[in-house]
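Have the sequence and the coordinates open side by side. The paragraphs below go from a contact between two chains to a helix within one of them.

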Amino acid sequence: MKNKLTLKKAIELIDKKEVSLKEIYDDILKVYKEKNKELNIYLSFDENSFEKAKNEKNKPLRGLPIAIKDNFLTIGFPTTASSNVLRGYMSHYESTVTKKIKEAGGILIGKTNMDAWAHGSSTETSDFGPTKNPRNPKYLPGGSSGGSAASIASNMAIASLGTETAGSIRQPASWCGVVGLKPTYGRVSRYGVIAMGSSLDCPGPITKTVEDSAIILNFIAGKDEYDGTTSNVPVLDYTKNLKKGIKNFKIGICYIDHPDISSTIVAKKTLEAGKVLENLGAKVELISTSKTLEKNKILSHEYAIGVYTVVQRGEVSSNLARYDGIRYGNNRSCFGSEAKNRIILGTYTLSKGYADKYYIYAQKVRHLYVKNFKDLFSKYDVLISPASPSFALPSGASQGNPMFGELQDMLVEPSALAGICGISVPMYKDEETNLYLGLNIMSDYFQEEKILQTAWAYEQKTNWNEWKNI
Amino acid sequence: MKINKVLVKKIAQLAQIPVSEKEEEKLAKGFEKTIEIVDELFKVDVFEVQPIHQVTSLENIFREDKIDEKRMFSQNEALNQAKNKHNGYFVVDQILEED
């Protein structure tokens, strides 16, 4: 089955003429037809995309099929953000990221399901029905980029793109047993991505292997004149030093002494991952969690939930104000209950008399997280933690809990608020349920190279990635 | 903090979100639960800490104030996703009352 090829391997075999692009597309179409109805991964899918792909063979991505989360504006596909407000909306312009993928010879094969407006961590809040976890359809894929992560886990795409505000790439990658990279805020352009929390939003790759994420990042990273928050920091070739090893890296393990985590299997597996990294030549230490800002300690993630809730809801209420149904889309009665929850809370916390109490206070605590990471990265090259506090939860688990997402994402929220980069790689598989845990590897601003090097070294040394030997 | 339906109704009006009475109750409950968790924040000492709004140290990003023709829509393009239009214009709700 050629749909199981990694991006790297597919390029290699096409060049050697050992595999044809047609075979890859045929196999992807086959699995799409077999499984998409049940798993609900794609909201739209171009069954004739091979016709476009044929002409791209000489470009770097060789015409290979890439799945795109449905919050990237794309010409030729509807863009809905999984909300009835945008049901049927056809954009007249292309997001910078998908434009770059197309220019590199990638083919957008379809648009993937997500939590409506990317609000959530389950892909259950989609107005077009939930996505199921391909590893075990009784379970959630995570979210909000659940469709993209599931497209990789089910081999329905060669690589995919998601977006993360706080956890929306890393948590579904963790739950689906795939690789998800959240770049530094401003490393990848947000232009043409439906805005959620604008001071946090970050597009990034969700792929089969670490190397594939590095390849995709090479094409999408960089300054964009249409997004003023993109950075001038030079973009590296992230594949160049990928295999250099992590000898003498200083690595800190975070959050696993916290009482909510310490006795769980995720803490145990994260410790084991630390051992693997130590055997690769890194100097690995446990960092203790602190309830106050202290030198050489990690500030507890528990306050990040409050900061994130206030900042994100505030930015959401402002960003979703533009959907009035006048120029495009449907009117505001079409918002689902999760969006309504968030708009109302955000409007409240930004209203007169409450903005100082909530929003400004939250931004102060956010500053503490920034200071904390600055201090830790003066000492450590990378920090590791569990990507999610648990395995994938069963279908239906998000319903009736307005804080479901925040609780699933709590271990990656501090890094998202600070805007640093992180990657989730598979670190354990439960044989009975076929469900995965992910290891979150973080580094300082624009140090994507370090997290990719660490993740690649870890991936090679362990057997959790099913694609690495394909 | 106790969140009541009256407050939810007022905020929903500010945010232009139509909500039914049944929804008001549900929203008030979710709101209250969320605020409870958010209030944990106030346990953190932020004395002399400045709020941060931009995390990657960018400052004053300017561009020329001129029209970028590459990104212009034709009138037809601008209109063709609108549900309600008239003679090449968007139709909007009336905001002024007639005498």
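Which residues in α9(A) meet which residues in α2(B)? In this predicted model, the α9(A) side consists of A:I305, A:G306, A:T309 and A:V310, and they meet B:T34, B:I37 and B:V38 in α2(B). Sorted by class, this contact has four nonpolar, three polar and no charged residues. As for geometry, helix α9 of chain A covers residues 302-319 and helix α2 of chain B covers residues 21-38; they pack at an angle of about 130°, and their axes are 8 Å apart. Angles over 145 degrees would count as roughly antiparallel and those from 65 to 115 as roughly perpendicular, so α9(A) and α2(B) are oblique to each other.

B:T34 is worth following further. This residue lies in helix α2 of chain B and is buried, since 24 other C-beta atoms are within 10 Å and the cut-off for a buried residue is 20 or more. Apart from neighbours within four places in sequence, B:T34 is in contact with A:T309, A:L345, A:P402 and A:M403. B:E21 is 13 residues from B:T34 along the chain, and the C-alpha atoms of the two are separated by 20 Å.

The contact between the chains can also be taken as a whole. Here 38 residues of chain B are in contact with 50 residues of chain A. On the chain B side, α1 (5-14) and α2 each supply at least two residues, and α2(B) gives the most, with seven residues. By class, this side of chain B has 25 nonpolar, seven polar and six charged residues.

Now turn to helix α2 of chain A. Does its length come out as expected or not, and what are the two values to compare? At 1.5 Å a residue, the 19 residues of this helix (residues 21-39) should span 27 Å, and the end C-alpha atoms are 25 Å apart, which agrees. The helix also has a kink of about 40°, centred on A:K33.

The buried residues of α2(A) are A:L21, A:I24, A:Y25, A:I28, A:Y32, A:N36 and A:L39. An α-helix has 3.6 residues a turn, so residues three or four places apart point the same way. Within chain A, the buried residues of α2(A) pack against helices and strands: α1 (7-15), β1 (42-45), α3 (49-53), β2 (65-69) and α5 (146-153). After α2(A) comes A:N40, with a positive phi near 55°.

Key: Residues numbered from 1 in each chain as written. Chains lettered and ligands numbered in written order. Predicted model: local features only at pLDDT ≥ 70, side-chain atom pairs only at ≥ 80, totals over all residues. Axes fitted to C-alpha atoms, helices over the stretch in contact; angles between N-to-C directions. Helix = DSSP H or I, 4+ residues; strand = E, 2+ residues; numbered from the N terminus. Parallel < 35°, antiparallel > 145°, perpendicular 65-115°, else oblique. Contact = placed C-beta atoms within 7 Å. Nonpolar A, V, L, I, M, F, W, Y, C, P; charged D, E, K, R; others polar. Expected span 1.5 Å × (residues − 1). Bend = angle between axes of the 7 residues up to and from the residue. Buried ≥ 20, exposed ≤ 12 C-beta atoms within 10 Å, placed from the backbone.
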